[in-house]
Amino acid sequence: MGSLNFIAKKGQAITGEIRVPGDKSISHRSIMFGSLAEGVSHVTGFLEGQDALATLNAFRAMGVEIEGPSQGEVTIHGVGMHGLKAPQASLDMGNSGTSIRLLSGLLAGQGFDVTMTGDESLSKRPMKRVIDPLALMGAQVESAEGGRPPLLLKAGSALQAIDYPLPMASAQVKSCILLAGLYAQGRTSITEPAPTRDHTERMLEAFGYEVEVNGATRAVVGGGKLTAADIDVPADISSAAFFMVAASIMQGSDLTLQHVGINPTRIGIINILRKMGANIALLNERKVGGEPVADIRIQGAALKGIRIDEADVPLAIDEFPVLFVAAACAEGETVLTGAEELRVKESDRIQVMADGLIACGIDARPTEDGIVIQGGQFQGGEVQSHHDHRISMSFSVASLVSEAPIRILGCDNVATSFPNFVELANSVGFNLSIEEASAA
Ligand code: S3P
């Protein structure tokens with residue numbers, strides 16, 4: 001596979017006012033619910049990254065007319081809960097775990113067979129976590145060995161409601177079951193071991209579908225309908241996170257990130273950075289389409305190492321690669337536990353980050369469910385991102401304070417969540433360039 005590397009050099013104080021691309025989780029869901037709704041839905045602020053586009057293309061392939069995306073605007077002509085058509089070919093979910101896991105739930109109760117495939121990374125990720133509860137509901141799902149993609153969902157299963165205690169804190173699994181529940185006979189409930197992102201619940205409500213919320217339990221009654229809605233997708237706090245850490249570790253920084261989603265189930269990055277001593281202010285707090293939003297101002301600060309509260313882990317699950325960079329720039333030791341889920345993301349983010357940090361001269365010790373990092377000085381070097389977008393962007397942040405450049409290998413997948421990362425980063429003080437590599 002052809003591939004891109006980043007050559008990342010020491011940067012300047014991070015200053016300016018920018019808007020990072022739209023929230024990935026919300027973008028996916030806007031396409032799914034807009035497609036199944038009755039009526040026409042308009043989406044603004046849509047993330048034009050490969051992951052959300054994989055979802056969009058899947059619904060087009062199932063007969064939904066979708067205009068755009070153009071400058072973040074998408075118009076979806078909903079076909080109703082039972083209006084999808086069998087796709088002509090298998091659906092390619094690319095790198096996107098959210099697409100394959102949520103669509104497994106949505107498509108399990110349709111009247112046609114459908115196969116979902118993925119790239120090399122997605123083909124290694126565990127799907128048993130969705131296959132098992134779907135099988136309990138009566139769905140027929142076949143997978144490759146070890147419960148890996150491709151997944152084949154067989155037609156003709158009448159789904160039954162279940163009450164399911166989630167074995168792990170996962171919004172993708174929760175959403176998969178709730179979405180299958182829309183097509184099941186009866187009331188489907190899930191109970192979470194810890195709160196996870198609740199965009200599915202919020203957006204179902206926005207499309208007029210009632211979700212029962214009771215403590216850690218969420219439930220839907222099958223057989224209802226979705227009504228078209230307009231969705232304003234806020235900027236993605238997971239993409240904002242790279243700039244929050246960048247501005248925190250660079251002396252003299254003063255950066256404002258506009259219109260960022262600050263859903264309480266996503267703000268672990270803010271909680272953790274603040275506990276490390278970061279200077280973060282939430283300005284202009286407001287609500288758009290059921291989701292809280294703010295402008296976030298970050299100024300440079302002296303960070304200190306901490307023991308990360310396990311309650312913050314699911315709330316910051318995608319932000320750990322860049323939080324490890326913050327820890328490497330902090331004074332003292334940072335300890336993370338209870339984060340074994342990081343091992344089954346787009347890469348094994350504990351091992352891959354530990355390898356990269358060590359390659360750059362940082363003392364990092366991976367553990368089964370976390371990592372121990374000593375604050376130090378990035379020396380520079382070569383790191384392998386394993387084609388994981390968040391690893392690539394995290395080492396770009398590290399380069400800001402690195403003695404020598406960091407060459408980051410395999411940065412092509414940055415386009416899955418943050419297509420204009422290099423441009424936007426360079427506009428506020430980064431020093432990144434792109435190198436074409438012939439082999440992965
Ligand atoms: C997501 C849930 C999380 C997260 C992923 C997006 C979602 O995955 O890591 O990037 O949109 O529901 P898990 O449910 O596997 O934790």
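## A helix tucked inside

Helix H11 (residues 389-399) has 11 of its 11 residues buried, so it is largely enclosed by the rest of the structure. Keep in mind that this is a predicted model. The buried set runs from charged or polar side chains to greasy ones: His389, Arg390, Ile391, Ser392, Met393, Ser394, Phe395, Ser396, Val397, Ala398 and Ser399.

What caps the N-terminal end of H11? That job falls to Asp388, which places a side-chain oxygen 3.0 Å from the backbone nitrogen of Arg390.

## Two domains

The protein chain splits into domain 1, made of 4-22 + 234-436, and domain 2, which covers 24-232. Going by C-alpha atoms, the centres of domain 1 and domain 2 sit 28 Å apart. Domain 1 puts 30 residues into the contact between them, and domain 2 puts in 26 residues.

## Nonpolar cores

Now for the greasy parts. The largest nonpolar core holds 80 residues, and the ones with the most contacts inside it are Phe243, Leu257, Phe421 and Phe430. Which helix gives the most to this core? Helix H7 (residues 237-249) does, with 10 residues. Another core, of 65 residues, lies apart from that one, and includes Met32, Leu36, Phe59 and Cys176. As a general point, nonpolar side chains in soluble globular proteins tend to be buried together.

Leu257 is a good place to start looking around. Leaving out residues up to four places away in sequence, Leu257 touches Ile18, Val20, Ala240, Phe243, Met244, Ala294, Asp295, Ile296 and Ile298. Thr256 is found in strand E17 (residues 254-261). Thr256 counts as buried because its relative accessibility is 13%, under the 20% cut-off. With its neighbours within four places in sequence set aside, Thr256 is in contact with Gly16, Glu17, Ile18, Asp295, Ile296 and Arg297. Ile18, Asp295 and Ile296 therefore turn up in the contact lists of both Thr256 and Leu257.

## Around the ligand

Which residues surround the ligand? They are Lys24, Ser25, Arg29, Thr98, Arg101, Ser170, Ala171, Gln172, Arg197, Ile317, Asp318 and Lys345.

Some of these come with a polar contact to zoom in on. A ligand oxygen is 2.7 Å from an N or O atom in the side chain of Ser25. For Arg29, a side-chain N or O atom is also 2.7 Å from an oxygen of the ligand, and for Ser170 the corresponding distance is 2.6 Å. On its own the ligand exposes 390 Å², and the protein buries 95% of that.

## Thr196 and its neighbours

Thr196 is in the loop between strand E12 (187-191) and helix H6 (199-206). Is this loop residue buried or exposed? Thr196 is buried, because its relative accessible area of 4% falls under 20%.

Skipping neighbours within four places in sequence, Thr196 is in contact with Ala169, Ser170, Ala171, Lys174, Thr265 and Pro314. Two of those names, Ser170 and Ala171, also appear among the residues surrounding the ligand.

## A partly exposed strand residue

Ala144 belongs to strand E9 (residues 141-144). Ala144 is partly exposed because its relative accessible area, 30%, lies between the 20% and 50% cut-offs.

Beyond residues up to four places away in sequence, Ala144 touches Pro149 and Pro150. Its C-alpha atom is 8.8 Å from that of Ser123, a residue 21 residues apart from Ala144 along the chain.

Key:
Residues are numbered from 1 along each chain as its sequence is written. This is a predicted model: local features need pLDDT of at least 70, side-chain atom pairs count only at pLDDT 80 or more; totals for chains, interfaces and linings use all residues. Side-chain values use heavy atoms; hydrogens and water are left out. A nonpolar core is a set of buried Ala, Val, Leu, Ile, Met, Phe, Trp, Tyr and Cys residues joined through side-chain atoms within 4.5 Å. Buried means under 20% relative accessible area, exposed over 50%, partly exposed in between (1.4 Å probe, protein chains only). Helices (H or I, at least four residues) and strands (E, at least two) are DSSP runs, numbered from the N terminus. Contact means heavy atoms within 4.5 Å. A residue is near a molecule or strand if one of its heavy atoms lies within 4 Å of it. A polar contact is a pair of N or O atoms within 3.5 Å; within protein, one must be able to donate a hydrogen and the other to accept it, and residues adjacent in sequence count only if both atoms are side-chain atoms. Accessible areas come from the Shrake-Rupley method with a 1.4 Å probe; for residues, only the protein chains shown count as cover. Domain bounds come from an automatic or database domain assignment.
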